[in-house]
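User: I want to go through the pockets, cavities and cysteines of this one. Can you take me through them?

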Amino acid sequence: MVVTSATKNSDDYDRASELKAFDESKAGVKGLVDAGVSIVPRMFIQEPDNLRTCNNAQLITPVIDLHGMDGDPVPRMEIVEMVREASETWGFFSVVNHGIPESVLEEMMDGTRRFNEQDNEVKKKYYSRDLSRNVIYNSNFNLYESKSANWRDTLYCVMSPHPLNPQELPATCRDILMEYKEQIMRLGYKLLELMSEALGLNTNHLKDMDCGEGLLILCHYYPACPQPELTMGSSRHSDNDFLTILLQDQIGGLQVLYQNQWVDVPPVPGALVINVGDVLQLVTNRRFKSVEHRVVANGRGPRISVASFFSTPRLPFSKSYGPIKELLSEQNPPKLRETTDRIHQK
């Protein structure tokens, strides 16, 4: 693989050629690391403003214990209130006692690692930039559009609403992806119920809007970076979906923008991270917040995470979404226009 280590201000830098060589290798960022790269190629170098760190160690993202959400109404009401407050202020929170066995979480992480660390000749069979396919592997969905690439490889799996033939999935993680899909959709529906109640709506309101019908699972692999101060694992972005559920390992690196400060979302053993997406912010008329977040690069690794996006990009019709009418009034008119839900990969 031909890559350049030209400095940021070099006049002889040919970005198009570097991107093409990287993409055609079909080896991803892991291929660079395996080749012994000790200097981050220029295509990954971020502008200084994108790398700024103003972390406030005193701020801690909420952690919500879901134990009791299906039992006595009193603890459920307390959980609903915590979900409401977190969704309205942070847009991010972690959940424990969510009902997914720890063994399933660990196997999902192991499956992601197995896929990425298998022989590249096997892995590259899935390499593609055709997002109409159900299962693809590549590095940076927007490689040719972004100003700087991220230090990350991804396995992309469209699990719902249309039934996926398990044979389309890589053998290294096929069984666990099918199991994880069932578990994560069950949890997603429960979270949508809690959020509906937090909005003062019927328990099934968000589910009846098809907010939980579509599921896209992204298995991210962030190799150790030789110069983590120069690049990002994932650039700042918000999620253009209803809801995202993130499984992350213990290396850390996820940060959320809160009150114009980047705040770490530290890994909590057994926990899952939940964040409000752009479309949920829209339908709640900005009552729930979709906030920007990012992943910093790390000298340790690989970091592994699995992001589950609830959206409707594959439904057989174009569905429009706007602020829920029951949430509107003269004092609270629509703040956002109706739009069609389509997830954007970043």
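User: What volume does the second largest pocket have?
Analyst: The second largest pocket holds about 270 Å³ of space. A pocket here is an open set of points on a 1 Å grid over the protein atoms alone, with protein on both sides within 12 Å along at least five of seven lines. Volume is the space filled by probe spheres set on the points, which are joined across faces, edges and corners.

User: Which residues are closest to its centre?
Analyst: Glu102, Leu105, Glu106, Pro269 and Gly270, out of 16 residues that line the second largest pocket. Lining residues have an atom within 4 Å of a point.

User: Before we go on, what sort of model is this?
Analyst: It is a predicted model, where local features need pLDDT of at least 70 and side-chain atom pairs count only at pLDDT 80 or more, while totals for chains, interfaces and linings use all residues. Residues are numbered from 1 along each chain as its sequence is written, and side-chain values use heavy atoms, with hydrogens and water left out.

User: Back to that pocket. Which element gives the largest share of the lining?
Analyst: H4, with five residues. Helix H4 (102-117) and strand S7 (243-248) each supply at least two. Helices (H or I, at least four residues) and strands (E, at least two) are DSSP runs numbered from the N terminus.

User: And the lining by class?
Analyst: Eight nonpolar, four polar and four charged residues line the second largest pocket. Nonpolar covers Ala, Val, Leu, Ile, Met, Phe, Trp, Tyr, Cys and Pro; charged covers Asp, Glu, Lys and Arg; the others, Gly among them, are polar.

User: What about the largest pocket, how is its lining split?
Analyst: The largest pocket is lined by two nonpolar, 10 polar and seven charged residues. Strand S6 (residues 232-237) gives the most, five residues.

User: How many cavities of 30 Å³ or more are there?
Analyst: Three. A cavity is a set of grid points where a 1.4 Å probe fits but cannot get out. The second largest cavity has a volume of about 50 Å³, and its lining includes Trp151, Tyr222 and Arg303.

User: How many disulfides?
Analyst: Zero, where a disulfide is a pair of cysteine sulfur atoms within 2.5 Å.

User: Why doesn't cysteine 173 bond with cysteine 219?
Analyst: Because their sulfurs are 6.0 Å apart, too far for a bond, although cysteine 219 has the closest cysteine sulfur to that of cysteine 173.

User: Is cysteine 173 buried or exposed?
Analyst: Cysteine 173 is buried, at 1% relative accessible area. Buried means under 20%, exposed over 50% and partly exposed in between, with a 1.4 Å probe and protein chains only. Cysteine 225 also counts as buried, at 4%.
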